Amino acid sequence: MKSLREKLDKKEISATELCRNYFEKIKEKDNKINSFITLCEEEALNSAKIADERIISKNIMPFTGIPFSIKDNICTKDIKTTCASKMLSDFVPPYNATAAEKLLLQDSILLGKTNMDEFAMGSRSQNSYFGGVGNPHNPEFIAGGSSGGAAASVAAGFSPVALASDTGGSICQPAAFCGVTGLKPTYGTISRYGLIAFASSLDQIGVISTSAEDIGYTLNVIAGKDKRDATSSQRVVSDYLFEKDKSLKGIKIGLPKEFFSEEISDEIKQKVLFAAEYYKKSGCELVEVSLPSLEYAVSAYYIISSAEAASNLSRYDGIRYGLRSEFGEDYDSLIKENRKEGFGNEIKRRIMLGNYVLSFKYYDEYYKKALNVRKKIKKEYDEIFKTCDVILTPTTAKTACKIKDIQKNPAKIYADDICTVSVNLAGLPVISTACGYDKNDMPIGMSIIGRAFCEPEIIALAHNFEKSFRREEIK
Amino acid sequence: MFTKEQISQLAELSKIKFTNEELKSMADDMTDIVALMDKIKSFKEENIEEKAFVCEYKFLRKDEVKKSLDKEDVLKNSKNVEKSGFVIPKIV
């Protein structure tokens with residue numbers, strides 16, 4: 001981002017030329033990856049023209065003339081926002097999400113809306129009404145999800161940075177699978193106004209880019225209190241990059257043993273532990289710690305997120321917006337037909353599960369218990385942070401699989417989220433960065449988890465590692 | 001294992017129409033997923049001091065009427081609008 005900023009300010013390239021270059025690349029290569037649902041070429045070129053005028057008149061802000069992509073569950077005024085769902089396939093929001101608005105007010109360049117799992121429910125970006133997303137390293141493999149399009153757009157060089165969302169790993173996991181860097185901030189850091197809700201106590205907007213430094217650069221613009229989101233935090237971080245070049249000496253890194261169990265592939269454990277050794281040689285202290293309640297995390301996550309999804313998605317009745325069926329002889333059956341036609345199978349499953357765990361007979365057995373697990377996980381993380389500064393874990397249990405080999409059993413897919421969901425339950429910040437490649441040359445990611453509102457620290461650690469780790473180029 | 005009655009009740013709560021075949025397939029999927037969720041039953045602890053919801057949310061705005069969306073913007077995404085209202089099948 002720094003080098004783009006310099007080139008633009010020195011007029012080595014104009015925002016218009018930069019914009020055209022990105023669209024040329026997208027049009028040439030995205031047919032194999034399908035990372036975008038909507039391209040905004042006309043709007044982008046108009047914005048680029050304005051950005052160029054600003055640069056000439058030296059009225060420059062950090063994102064002036066900088067292109068970005070945005071996951072299609074984040075509202076963009078007058079630009080289709082579909083959530084990759086038939087239900088919203090022609091929905092045009094009348095307002096911008098706060099995070100998008102903050103970038104657009106600086107005359108940045110919105111390239112397009114990226115593909116994803118429908119309503120952010122999924123971890124493969126194959127549950128999309130607009131077709132699945134392929135991995136730029138090898139399009140036969142999945143890009144991960146639900147922010148697969150955002151991660152793929154960055155990995156393929158279609159966009160220098162992408163805004164995305166993470167509820168149970170939807171930024172970190174695709175970032176890991178695509179070999180780029182992704183950060184989910186502390187809950188409340190970035191306004192959720194305009195983020196189409198999946199599970200409101202877990203959802204966060206975050207950033208995917210090619211480096212931790214670029215993520216910090218972006219957070220400096222989009223983070224902050226927003227009156228329109230009552231859950232956004234008052235806490236101010238004046239500069240997410242201020243710790244970027246600090247010495248690693250004395251930093252205590254916790255390695256929870258539960259994240260290095262048999263469920264995690266040997267290749268992944270090896271690469272993450274290799275990274276841990278790098279940190280140790282750089283002056284960090286490695287500490288073995290434990291998160292005993294991790295075994296309940298997936299169960300708790302799917303109970304809580306499905307319950308919240310069932311509530312949040314009840315707004316999709318097809319009356320005020322969304323798909324409207326030609327069937328339905330009365331109000332009740334019209335709504336049922338709209339939702340039958342508009343939602344994919346995964347959405348229907350989650351809504352049904354959510355209503356099951358919230359129903360009178362099962363509320364205590366599932367939902368109330370899941371809330372207790374959530375409290376316990378938070379407590380265990382807090383215990384770890386009494387003796388450690390950050391926590392290092394694998395981002396995923398397995399590397400990306402081939403699209404044709406995707407597991408058919410949804411429960412088995414859910415179980416793969418073991419490395420990410422506990423961080424969302426605890427509301428903590430996490431950054432995933434590439435630390436190796438598997439036998440198929442598919443990327444492996446490691447996650448650095450920090451204390452609440454300590455994004456600068458985890459950005460610094462990821463940045464330090466990235467300076468010495470050579471990522472494979474995508475051909 | 002979910003009974004047909006249970007699944008139909010959940011479909012009613014969810015306000016989604018299913019064919020009989022779809023209900024059966026949904027029952028099978030949900031049985032597998034609930035087996036995964038059942039792990040939670042072995043968690044016995046209660047009265048944990050932490051808050052369940054991690055956010056610091058404690059500020060409420062004043063109860064004042066403020067400008068919201070223009071009516072035209074509110075209506076523009078609906079498929080059936082008449083005289084500034086959303087048209088639905090007759091209820092009464």
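**Exercises on chain A, a predicted model**

The 64 positive charges of chain A (Lys and Arg; His and chain ends not counted) and its 63 negative ones (Asp and Glu) have mean positions 2 Å apart, with each charge placed at NZ of Lys, CZ of Arg, CG of Asp or CD of Glu. Since this is a predicted model, local features need pLDDT of at least 70, side-chain atom pairs count only at pLDDT 80 or more, and totals for chains, interfaces and linings use all residues. Residues are numbered from 1 along each chain as its sequence is written, chains are lettered from A and ligands numbered from 1 in the order written, and side-chain values use heavy atoms, leaving out hydrogens and water.

**Exercise 1.** Work out whether chain A is as compact as a globular protein of its length.

*Solution.* Start with the inventory: 15 helices and 13 strands (DSSP runs, H or I of at least four residues and E of at least two, numbered from the N terminus). Next, take the radius of gyration over C-alpha atoms and apply the globule rule, 2.2 Å times the number of residues to the power 0.38. Chain A gives 21 Å, close to the rule's 23 Å for 475 residues, so it is as compact as a globular protein of that length.

**Exercise 2.** Place strand β8 of chain A in its surroundings.

*Solution.* First check burial (under 20% relative accessible area, 1.4 Å probe, protein chains only): 6 of the 6 residues in 204–209 are buried, so β8 is largely enclosed by the rest of the structure. Then find its partners, where pairing takes at least two DSSP bridges. Strand β6 (residues 161–166) pairs antiparallel with β8 over 6 bridges, and β7 (residues 181–184) does so over 3. Finally, look at A:Val207: A:Leu163 stands opposite it, and so does A:Leu183.

Key:
Buried < 20%, exposed > 50% of the residue type's maximum accessible area, 1.4 Å probe, protein only.
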